[in-house]
Structure formats: C-alpha cells, structure tokens
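Please find below a few numbered points for a colleague who is meeting this structure for the first time. They are best read with the model open alongside.

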Amino acid sequence: MTPSLLRMTELILGFILLGAALLLLLALLYRTIRQALAARALAIRTPNGIQEGRFVQIGERKEWVQIRGEDRNNPILLFLHGGPGVANSPLTALFRAWERDFTVVQWDQPGAGKTASRNGKRGYQGLTVNSMVDDGVQVAEWALRRLGQRRLIILGTSWGSLLGIQIVKRRPGLALAYVGVGQFVDGEAGQRAGYELALTRARTLSKSETLKTLEQVGPPPYADSKTSMLKQRALGQVDLETEGGRRMPNILAAALFAPGYSLRDTLAYLQGMPMSIETFERSIMSHDLRPLGMDFDVPLFFLQGARDIYTPAAPVQEYVATLRAPRKELVVWDDEGHLTFLTNPEKIHGELLARVRPVASKALVADGATPPGPRV
C-alpha cells in the first residue's frame, strides 16, 4: 500500500470513528433529555406527597424500594411485580393515577431491576421462593416504619401473587387486604392448562410456526429453562395482547429512559427475566398454594382475565371458591388476559377504588391512623 493510500485509509477510518463517537454522544444526550422530561412529568408536587427511591438492607442484600404518592395518609399499596425478574419501577408512568389514591411502594425484587444491577450474579445465589417471601415481609415492615402506618395493602401480579398471598398468610397482621391479579395457584397444573389453551389459540389463529414450536416442546414440565423460555415465547405469540392488538408498553424504552436508571441498570433489567426463570423454574413448577391452607385473616380480592393463558382462569376460580376470609371477592373480566396491569392499568385502578380502598381506609381509621383525605 502506497503512503498516500495508507494516509487516505487512516483519514477514512478517522472520520468513521469520529462519526460513531458523535452518534454515541447524541444518543446519550437524547437519553438524558428523555430521562429529564420523564422525571418532570412524574414529579409529585402535592404538600403531603412523597417521592423517593433508595437501597434498603433486606437480609444480606441491598434491595431497591421506590415510594410514591400524593398523600402520605392514603393507604399504602405494596406492588409485587411478576416475571420473575421483571421489575415494574421503570413503568411508573403507567401507574401514575394510582398514586393519587394510594402510596405505591415498588420493590425491585432480587434478580430484577436496580436490585439485580446492584448485586450482580451473586444476587441470584441462594434464592428460593421462601427467601423471596421473607424479603417481601421485610420490605413491608420497612415501608410501614418509613410511612408511619401499621398495615398495608399487598397487590401481587402473576409471580408476585405467588409471593404476596404467602406474605399475608405468614404475617396477616401486616395486611389491610390482599389483591391477586392473575393469581398463581399451582405451577404444574396451571402451566399445563395454559399450554392447552395456547395450542387451541395457535390453531384458531393459524399460527403454524407457533403451533409447531408448541408441539415440539410438548406440555410442561420441562427439563431445562431453555425449553421453558421457548414455550413462553410461543405463548407470547398467541396471548390476548397479541391476538387482540392490545397496546403493550415498550419495555425496552421504559428501562432505557426511566429516570435514575443507568445503562447498567437497563442491562440488568433486560437480563432479569431469563436469569430469574433459570433460578426459579423448578420451584415454580412444584409450587402449589393449597397446602398453605384455605383460611385467611385478611380480606381477599382477585382480579382475573378470562382469556389468561399464563395463570388460567379456571384454576383460579376453583381455588378462590375454597378460600375462607373476612371478605372475599373475585372479578373475572371476559375481555382481559394476563397483562391487564400493563395494557389497562386504569381498569385495575377502578377496581381498587371501588372494592379495596374503602376497606383499607376503614381499617386505617380503626388502627388510629390519620384518615385518608378525599381523592386528590
């Protein structure tokens, strides 16, 4: 190569590298602007409001807990995310309306979100369903101390419902009420029922590739997490949110532009579900809530989509029918699937206002707490 050609090559490479650096800089600047705009939109400015997030020592780990609400006197709502490993804290904008009527506590569970980012791979070591329930109890106790109340509402979605109902069974004195959205009941039975529903949907929708995948992996249980993930992705092709054209939030964008989320946090967020499923797959499949017993000392509310293929409605209805509690309600939506909390959070908010907040507010007054104010 002649000196002049070598020089030209170096100049071209230099321009390419410079252009790449400028594009990266612009992308980072755009991300910073988006995060700032999101923070401004989410800001709570009411006199008695609260808006904070911090790492809390829970057992042997530092775990991320976010607290937001427009009136500290409102009932506390501990929101247990699903997955496992899919934190809801980057999706705070979806639940902004809830914060007018509840003080919403979001906990990034071990293996999820900022907790996963903080603790890395060692944060998955020793995790069991029982240890997660222990952590959930500690988070509830910490939130109550922080906010000066005696009891709170526990709401669990999907995997979070597996934890939440065990928390209220173990420590009923912490709970004003329990709300299960897409309630987990029996891992193996539920997944088998969901698999059969998915086969039917794949045939109805003429999803030949999805049907082929489902038939190849066969019904659960599975010997490894890779096969389980293949089945989960196939279910995602035929669930109501896909079939019905429901508008799903952009999870990647939410994690990328969430205020306070670093790029490392975003990466940990995206890795959370596959790593958590690998950790908990066998425990989920072998778990059955019925041996816990059917008697509960707190009001129980269940919100269920009739077209849910992840936690199918039939096992939930059978389970709820056997439960005994001071108050028990089951709402079945004919037009909803598993992800109502993402596609239609206002629907859940409406049920919380109509059914749960009056019960919680009355109990708070009985506890001697400052009565919640009128709806903001």
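1. Which residue stands opposite Ile154 in β5? In this predicted model, the residue facing Ile154 across the strands is Leu78. The two strands concerned, β3 (residues 76-80) and β5, run parallel and are joined by 4 bridges.

2. Strand β5, which spans residues 152-157, is mostly covered, with 6 of its 6 residues buried. Its side chains can be followed in two sets, since Leu152, Ile154 and Gly156 point one way while Ile153, Leu155 and Thr157 point the other way, and all of these residues are buried.

3. β5 also pairs with strand β6 (residues 175-181), again in the parallel sense, over 6 bridges, and within this pairing Ile153 stands opposite Ala177 of β6. Helix α4 (residues 159-170) belongs to the same passage of chain, as β5, α4 and β6 together make a right-handed β-α-β unit.

4. From β6 the reader may move on to strand β7 (residues 300-305), for these two strands pair in the parallel sense over 4 bridges, and Val181 has Leu303 in β7 as its bridge partner. Because 6 of the 6 residues of β7 are buried, this strand is largely enclosed by the rest of the structure. The covering applies to both faces, with Leu300, Phe302 and Gln304 buried on one side and Phe301, Leu303 and Gly305 buried on the other.

5. Strand β8 (residues 328-333) runs parallel to β7 and is joined to it by 6 bridges, and here Gly305 stands opposite Trp333 of β8. The chain passes from β7 to β8 through helix α11 (residues 313-322), in a β-α-β crossover that is right-handed.

6. Helix α3, covering residues 129-147, has 19 residues and reaches 27 Å from its first C-alpha to its last, which is close to the 27 Å expected at 1.5 Å a residue. Just after this helix, Gly148 takes a positive phi of about 70°.

7. Is Ile251, a residue of helix α9 (residues 251-257), buried, exposed or partly exposed? Its relative accessibility is 25%, and because buried means under 20% and exposed means over 50%, Ile251 counts as partly exposed. Leaving aside residues up to four places away in sequence, Ile251 touches Leu91 and Tyr269. Arg146, by contrast, lies 105 residues from Ile251 in sequence and 30 Å from it in space, C-alpha to C-alpha.

Terms used:
Residues are numbered from 1 along each chain as its sequence is written. This is a predicted model: local features need pLDDT of at least 70, side-chain atom pairs count only at pLDDT 80 or more; totals for chains, interfaces and linings use all residues. Side-chain values use heavy atoms; hydrogens and water are left out. Buried means under 20% relative accessible area, exposed over 50%, partly exposed in between (1.4 Å probe, protein chains only). Two strands pair if DSSP finds at least two bridges between them. A crossover is right-handed if, with the strands pointing away from the viewer, the path from the first strand over the helix to the second runs clockwise. Contact means heavy atoms within 4.5 Å. The expected span of a helix is 1.5 Å times one less than its number of residues.
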